[in-house]
Amino acid sequence: MNPNLARLQPYPFERLRLLFKDIEPDPRYAAIDLGIGEPKHPTPEFIRQALTRNLSGLANYPATAGTPALREAIAVWARRRYHLDALDGLSQVLPVNGSREALFAICQAVVDPSRENAVVVCPNPFYQIYEGAALLAGARPYYVNALPEQGFAVDYAGVPEDVLARTQLVYTCSPANPTGKVMDLAQWRQLFEMSDRHGFVIASDECYSEIYLDEAAPPLGALAAAQALGRKDYSRLLVFSSLSKRSNVPGMRTGFVAGDAELIRAFLLYRTYHGSAMGLPLQAASVAAWSDEAHVVENRRLYAQKFSAVLPLLQAPLVTSVPEGGFYFWTQTPLDDEHFASALYREYNVTVLPGSYLARLAHGRNPGGNFVRMALVAPLAECVEAAQRINHFVKKL
């Protein structure tokens with residue numbers, strides 16, 4: 001077996017299952033799960049219809065590169081969303097089976113195992129796929145803490161030069177999971193300049209880019225930042241996005257990677273051997289989803305409604321705020337996050353995710369400690385009920 005498999009840590013939800021396994025929640029309360037970030041809004045009917053209309057495509061092997069129609073639909077969407085002067089669907093866009101598998105795969109394609117002591121930099125807290133991808137590629141993860149006293153900004157510029165000299169890939173996540181922090185243009189400028197000096201690739205995870213509250217101020221994306229800074233070839237930059245959160249189709253496993261044409265070409269070669277082509281019915285449904293914005297606006301309205309209703313109930317007893325993007329509250333706890341989550345589950349049958357499960361001890365600190373992540377994915381009434389229970393629970397502490 002690959003010895004690097006032994007370096008992998010349990011996934012956060014497995015750790016949560018073990019934390020709760022001997023706990024019997026109060027039977028007076030129905031279970032409400034704010035722990036997992038799985039969208040629960042209904043899949044739009046027009047996407048379902050596009051899928052079923054194209055079931056004949058099950059009889060054909062799909063090409064790894066995807067259909068020209070899908071690549072162009074993604075390019076059109078990205079050019080419109082980020083006001084890009086250009087993004088070529090055939091050379092700068094590649095459909096993928098959701099951002100998760102592609103975020104893992106890009107590390108395997110980019111990291112050169114012949115270079116000694118390879119490093120992959122990632123934010124902390126983080127999406128655990130980044131860490132697993134680095135370990136299985138034979139690299140060492142270097143964690144950059146996102147701390148409340150820094151407004152949860154990830155200080156990539158603070159990574160030591162000797163670490164950067166060995167860095168081959170940097171993961172970013174904006175809006176961030178779990179903090180909701182969005183990288184601004186100055187932060188992108190710093191990171192691009194670092195990439196120029198050290199030659200590393202940037203993998204920008206933007207799967208939460210379409211969940212935000214202000215319709216007039218969508219989060220800045222890496223492609224838009226690159227264009228604003230004169231980097232119109234998107235050199236050493238790849239952006240990863242998904243329909244899962246945007247269009248409420250997590251089961252379709254559909255997204256894209258876009259950016260540097262040379263990297264796209266190499267990644268396509270890797271994926272041809274990896275066996276990761278998207279089925280034709282899913283591609284047709286994806287074309288429909290990327291081509292429509294009305295359902296995305298409605299999706300944001302539903303999340304905004306929940307944030308507005310829940311915030312006053314949480315903010316009085318806890319330290320929390322509405323995120324810049326995404327559908328999570330990243331909330332400070334008055335006691336250890338594991339104890340908070342287990343006691344809340346026992347007494348009120350509400351599940352939240354301990355923040356320390358989403359982070360690693362780095363530079364003397366686990367930045368997820370004494371935080372919990374709450375996903376506002378349940379229906380409005382359930383989210384409000386959960387917040388009311390949390391309010392009562394905290395006031396009793």
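User: What makes the lining of the second largest cavity count as eight nonpolar, two polar and one charged residues?

Analyst: In this predicted model, P123, P125, F126, A146, F152, V154, C173, A176, N177, T179 and K181 line that cavity. Pro, Phe, Ala, Val and Cys count as nonpolar and Lys as charged, while Asn and Thr fall among the others, so N177 and T179 are polar and K181 is the charged residue. That gives eight nonpolar, two polar and one charged.

User: What makes the lining of the largest cavity divide into nine nonpolar, two polar and one charged?

Analyst: The lining includes T172, Q187 and K181. Lys counts as charged, and Thr and Gln are in neither the nonpolar nor the charged list, so T172 and Q187 are the two polar residues. The nonpolar residues, among them F152, Y156 and M183, number nine.

User: Why is each of these two spaces called a cavity?

Analyst: A cavity is a set of points where a 1.4 Å probe fits but cannot get out. The structure holds two such sets of 30 Å³ or more: the largest has a volume of about 100 Å³, and the second largest about 50 Å³.

User: How do you know what span to expect of helix α3, residues 68–82?

Analyst: The expected span is 1.5 Å times one less than the number of residues, and α3 has 15 residues, so 21 Å is expected. From first C-alpha to last, α3 reaches 21 Å, close to that value.

User: Why are residues such as L70 and W77 of α3 called buried?

Analyst: Buried means under 20% relative accessible area, so L70 and W77 fall under that cut-off. The cover over the buried residues of α3 includes β2, α8, α9, β8 and α11.

How values were computed: Residues numbered from 1 in each chain as written. Predicted model: local features only at pLDDT ≥ 70, side-chain atom pairs only at ≥ 80, totals over all residues. Heavy atoms only, no water. 1 Å grid on protein atoms, 1.4 Å probe; cavity = no way out; pocket = protein on both sides within 12 Å on 5 of 7 lines; lining within 4 Å. Points joined across faces, edges and corners; volume = space filled by probe spheres on them. Helix = DSSP H or I, 4+ residues; strand = E, 2+ residues; numbered from the N terminus. Buried < 20%, exposed > 50% of the residue type's maximum accessible area, 1.4 Å probe, protein only. Contact = heavy atoms within 4.5 Å.
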